[in-house]
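I opened this notebook to record what I looked up in one structure. The entries follow the order in which I consulted it.

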Amino acid sequence: MAGFLWLRFAGRRACSSAAKVATEPGAGEVAAPPKTKRLERIGIWIKSLMHDYAEACRDIGVGMKERPGKAAVYLSLLTGAGICNHKTPCEMSFQSSLLDAVGTLLLLSPWTRNGSSEGHVQRLVTLRNQGRLRYQSLVFFALMYEVPYDQDCNLYESQCKHLAPRLLDFPSRVCDVGFLGRWWVLDSKMKEFDVNDDEFKYLPTHLQTISAKDLHSEENEKLFDEKYKAVFMPEELLQGDVPQVPTLLKATH
């Protein structure tokens, strides 16, 4: 076994020596400068890399021809992922949306504002003024969440890692989700910002809610169309002989 290892070592030394002699310039040859050798190596590496990419693209094309359905699914997923990544809202867009919501609510009377919309916006403004809002981009969507303290706070409770919020409590600290260029929680809270539900809580139960049938009933539409019809005046009224019947005007079709 030792003899076999020695022969293997000697063979490697002989091969390395032969390779070194082959690469060394002869007596009449001039050795190439190190810079030229480095450029040649870089060129060889780039050429091999391009060859690998070309082979990979060729394999992808062959796979798409063999399984077009699977290729279409992958392309749609990649396209959707690219669109989601491109339209992920930034932190400044959340600040702008929040200021727009504040301005919209300020234009309304306090008795007209929706309580849920006003409470949500007031909470976000308070967290923003206290420096407790944080932004986190997750490639395809973004999150706005609250933290217990401002980042410049040097209290012991804010610096101790054992007193930090638990990871299991993170979903309850999420304030909004940004996806496809929108902040969905803020938009949903501002959907009916000018409808104050407290104004109707003292009404009877059957009057607190209105269905679509009450707004678009056939009877209301018929009465609305009656005012556009021509008025028929009877001959008795035209001759000056006024009858005692109070309703003489009849609508004609």
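The entries below cover the core, the salt bridges, the surface patches and a few single residues.

**Entry 1. Status of the model**

I note at the outset that this is a predicted model.

**Entry 2. The nonpolar core**

I looked up the largest nonpolar core and found that it holds 14 residues. Which of its residues touch the most other members? I recorded Phe94, Val121, Leu124, Leu133, Trp183, Leu186 and Met190. I then asked which elements supply at least two residues each to this core. They are helix H4 (91–106), helix H5 (115–129) and strand E2 (142–146). H4 gives the largest share, four residues. As background, I wrote down that nonpolar side chains tend to be buried together in soluble globular proteins.

**Entry 3. Methionine 144**

I turned to methionine 144, which I located in strand E2. Is methionine 144 buried or exposed? Its relative accessible area is 0%, and because buried means under 20%, methionine 144 counts as buried. I also looked up the distance from methionine 144 to arginine 134: the two are ten residues apart in sequence, and their C-alpha atoms are 5.6 Å apart in space.

**Entry 4. Salt bridges**

I looked up how many salt bridges the model has, and the count came to six. I reminded myself that side chains of opposite charge can pair when their charged atoms come close. I examined three of these pairs in turn.

The side chains of arginine 58 and glutamate 55 form a salt bridge, with 2.9 Å from N to O. Both residues belong to helix H2, where they stand three residues apart, about one turn of the helix. Arginine 58 is partly exposed at 47% relative accessibility, and glutamate 55 is partly exposed at 32%.

The side chains of arginine 132 and glutamate 146 also meet in a salt bridge, at 3.3 Å from N to O. This pair links distant parts of the chain, 14 residues apart: arginine 132 is in the loop between H5 and E1, and glutamate 146 is in strand E2. I found glutamate 146 to be buried, with a relative accessible area of 14%. I noted further that Arg123, Arg132 and Glu146 are linked in a network of salt bridges.

The third pair I examined is aspartate 187 with arginine 182, whose side chains meet in a salt bridge at 3.0 Å from N to O. Aspartate 187 is partly exposed, with 31% relative accessibility. Arginine 182 is likewise partly exposed, with 37%.

**Entry 5. The negative patch**

Which residues gather in a patch of negative charge on the surface? I listed Glu192, Asp194, Asp197, Asp198 and Glu199. I selected aspartate 198 for a closer look. Aspartate 198 sits in the loop between helix H8 (184–189) and helix H9 (205–208). With 45% relative accessibility, aspartate 198 counts as partly exposed.

**Entry 6. The nonpolar surface patch**

I next looked up a nonpolar patch on the surface, formed by Leu39, Ile42, Trp45, Ile46, Leu49, Met50 and Tyr53. Together these residues have about 740 Å² of accessible area. Where does tyrosine 53 lie? I placed tyrosine 53 in helix H2, which covers residues 34–66. Its relative accessible area is 52%, and because exposed means over 50%, tyrosine 53 counts as exposed.

**Entry 7. Two positive phi values**

Lastly, I looked up backbone angles at two residues. For valine 139, phi is near 70°, a positive value in a residue other than glycine. Valine 139 is in the loop between strand E1 (133–137) and E2. At 47% relative accessible area, valine 139 is partly exposed.

Leucine 180 is not a glycine, yet I found a positive phi of about 55° there. Which strands flank the loop that holds leucine 180? They are strand E3 (174–179) and strand E4 (182–183). I recorded leucine 180 as partly exposed, with 36% relative accessibility.

Terms used:
Residues numbered from 1 in each chain as written. Predicted model: local features only at pLDDT ≥ 70, side-chain atom pairs only at ≥ 80, totals over all residues. Heavy atoms only, no water. Patch = residues over 30% accessible without salt bridge, like charges linked within 9 Å, V, L, I, M, F, W, Y side chains within 5 Å. Areas by Shrake-Rupley, 256 points an atom, 1.4 Å probe, with all protein chains shown as cover. Salt bridge = Lys/Arg side-chain N within 4 Å of Asp/Glu carboxyl O. Lys, Arg positive; Asp, Glu negative; His and termini not counted. Charge placed at Lys NZ, Arg CZ, Asp CG, Glu CD. Buried < 20%, exposed > 50% of the residue type's maximum accessible area, 1.4 Å probe, protein only. Core = buried A, V, L, I, M, F, W, Y, C linked by side-chain atoms within 4.5 Å.
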